[in-house]
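The following exercises concern a single predicted model. Each sets a task and then works through the solution step by step.

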Amino acid sequence: MSRLKLLSGVWKTVIMLAVGVLVMVVVIAWLAGLFYQKIPPGEAAAADQPAPAADRRWDQVHKVRKVYYEEIVGTLKAASRTEVASRVLAPIEKIYVSAGQTVREGDKLIELDRRALETQLSQAKARLVAAEADLKNAEADLRRLEPLVEKQAISQQELDKARTRREVALAQLQHAQQAEAEVRVMLSYATITAPKAGMVVDTLAKEGDMARPGVPLLVLYDPASLRLEVPVPEHLAVRLKKGQTLSVRIDALQKEVESVVDEIVPQAELASRSFLVKVRLPRSEELFEGMSGRLLVPTGERDHLCLNMQALYRIGQLEFVDVLHEDGRVERRFVKTGRIGMPGRIEVLSGLREGEKVLLRATSTAPSTTLEPAF
């Protein structure tokens, strides 16, 4: 009797476990949608969608061809850059310009101490006066002795000595004249002027410093000669030609400017496998040497499907459109979009084909984005 009761309890336990497992399988199948009609991936059920009214607006998905670019970072440098230095050794008395100031050719930049040079000029003038007097005396002696030789009052040797003194005096006069001219030129170097028009990049000396020949005192560059120098990879550099027009993006100004390929250095860098490309930029008061820029080098083209953003709406993280068929049916379809293109348009990555018609919503619920235009 006890054995029968034991067998009966075991069977009850087995039956309860089986029922529990069956119920669990049914619940899992229900949650997985096993008892619902399947919808193909990328589409939504359209049977219950009403036919569109006659006043519903629609647009057509069309194809747009976009040129792709590779952005390469470079630095703005001036093709015309001048280091201004003194030609004489003298203290700096006055600096008339500062960094960032624009100057014209011939404008006064620096004034040096002129006192030592003026003293040298006075001494040169005195030597010149003495040389002129010596020459005058030598010529007078020669004129006085020449008639005496004919009368045999003096020897020919004395006359030759007088002529030699005249030649020596003449040479000394010429030397004194050259010395005075040199000092005058040196004195003119005390005022340093701009050799060409441009902008002062930096002043390398201060008032009171000693100006030495050949040592830069300030630096000028011509803003009209600004170029973007970019190390372009060799597989892209070989496509570029001198005179070709390219776009340059200046991040600091949030703008793009047109540039012209001015020079391609005909030697590749071994480490980076790149060529140095220099593109000429238009003159602008907003561009300065040392700023960074990005050269947009075209790398190829690709076609995009373009969708009107008024046709797009979002449910959670999913994006949908209503596709209008030729027979008037409306199909709600799941799509995947990319980046915004022209105003009011967005790239379609999947879910639509070229030429399909989509219904436009009165108020677009498409997500906003701050991405830059893709096409």
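**Exercise 1. Locate R273 and Q254, and state the sign of phi and the exposure of each.**

Step 1. R273 is placed in the loop between strand 13 and strand 14, where helices (H or I, at least four residues) and strands (E, at least two) are DSSP runs numbered from the N terminus. Although R273 is not a glycine, its phi is positive, about 55°.

Step 2. With a relative accessible area of 46%, R273 is partly exposed. Buried means under 20% relative accessible area, exposed over 50%, and partly exposed in between (1.4 Å probe, protein chains only).

Step 3. Q254 belongs to the loop between strand 12 and strand 13. Phi of Q254 is near 55°, again a positive value in a residue other than glycine. Q254 counts as exposed, because its relative accessibility is 70%.

Two conventions apply throughout: residues are numbered from 1 along each chain as its sequence is written, and side-chain values use heavy atoms, with hydrogens and water left out. As the model is predicted, local features need pLDDT of at least 70 and side-chain atom pairs count only at pLDDT 80 or more, whereas totals for chains, interfaces and linings use all residues.

**Exercise 2. Give the overall composition of the protein chain.**

Step 1. The secondary structure comes to 4 helices and 20 strands.

Step 2. Of the 375 residues, 33% count as buried. The accessible surface is about 23,700 Å², and 55% of this belongs to carbon and sulfur atoms; the areas come from the Shrake-Rupley method with a 1.4 Å probe, and for residues only the protein chains shown count as cover.

Step 3. Among contacts with a separation of 6 or more, 73% are between residues 24 or more positions apart. Contact means heavy atoms within 4.5 Å.

**Exercise 3. Determine the strand order of the open sheet that contains strand 3, and identify its edges.**

Step 1. The 4 strands follow the order 3-10-8-5, with antiparallel pairing. Two strands pair if DSSP finds at least two bridges between them.

Step 2. Strand 3 (81-85) and strand 5 (102-103) each have a single partner strand, so one side of each lacks a neighbour in the sheet.

Step 3. Strand 3 is joined to strand 10 (residues 216-221) by 5 bridges in the antiparallel sense. Within this pair, P216 of strand 10 is the bridge partner of A85.

**Exercise 4. Describe the surroundings of strand 6 in its sheet.**

Step 1. Strand 6 belongs to an open sheet of 4 strands in the order 7-6-4-9, with antiparallel pairing. The edge strands are strand 7 and strand 9 (210-211), each pairing on one side only.

Step 2. Antiparallel strand 4 (residues 90-95) is joined to strand 6 by 3 bridges, and K94 stands opposite E111. Strand 7 (residues 191-193) also pairs with strand 6 over 3 bridges; here I110 stands opposite I192.

Step 3. Strand 6 (residues 108-112) is largely enclosed by the rest of the structure, because 4 of its 5 residues are buried.

**Exercise 5. Compare the expected span of helix 3 with the distance between its end C-alpha atoms.**

Step 1. The expected span is 1.5 Å times one less than the number of residues. For the 33 residues of helix 3 (residues 156-188) this should be 48 Å, and the end C-alpha atoms are 48 Å apart, which agrees.

Step 2. The buried residues of helix 3 include L159, A162, A169, L173, A176 and E180. An α-helix has 3.6 residues a turn, so residues three or four places apart point the same way.

**Exercise 6. Which residues have the most contacts inside the largest nonpolar core?**

Step 1. A nonpolar core is a set of buried Ala, Val, Leu, Ile, Met, Phe, Trp, Tyr and Cys residues joined through side-chain atoms within 4.5 Å. The largest has 25 residues, and those with the most contacts inside it are L76, L228, V232, V248 and L295. Strand 11 gives the most to this core, with 4 residues.

Step 2. Apart from it lies another core of 24 residues, among them V84, I95, L121 and A205.

Step 3. V248 touches residues including L228, V257, V279 and L295.

Step 4. E229 lies in strand 11 (residues 226-233) and is buried, with a relative accessible area of 16%. Its contacts include G74, K77, L276 and K278.
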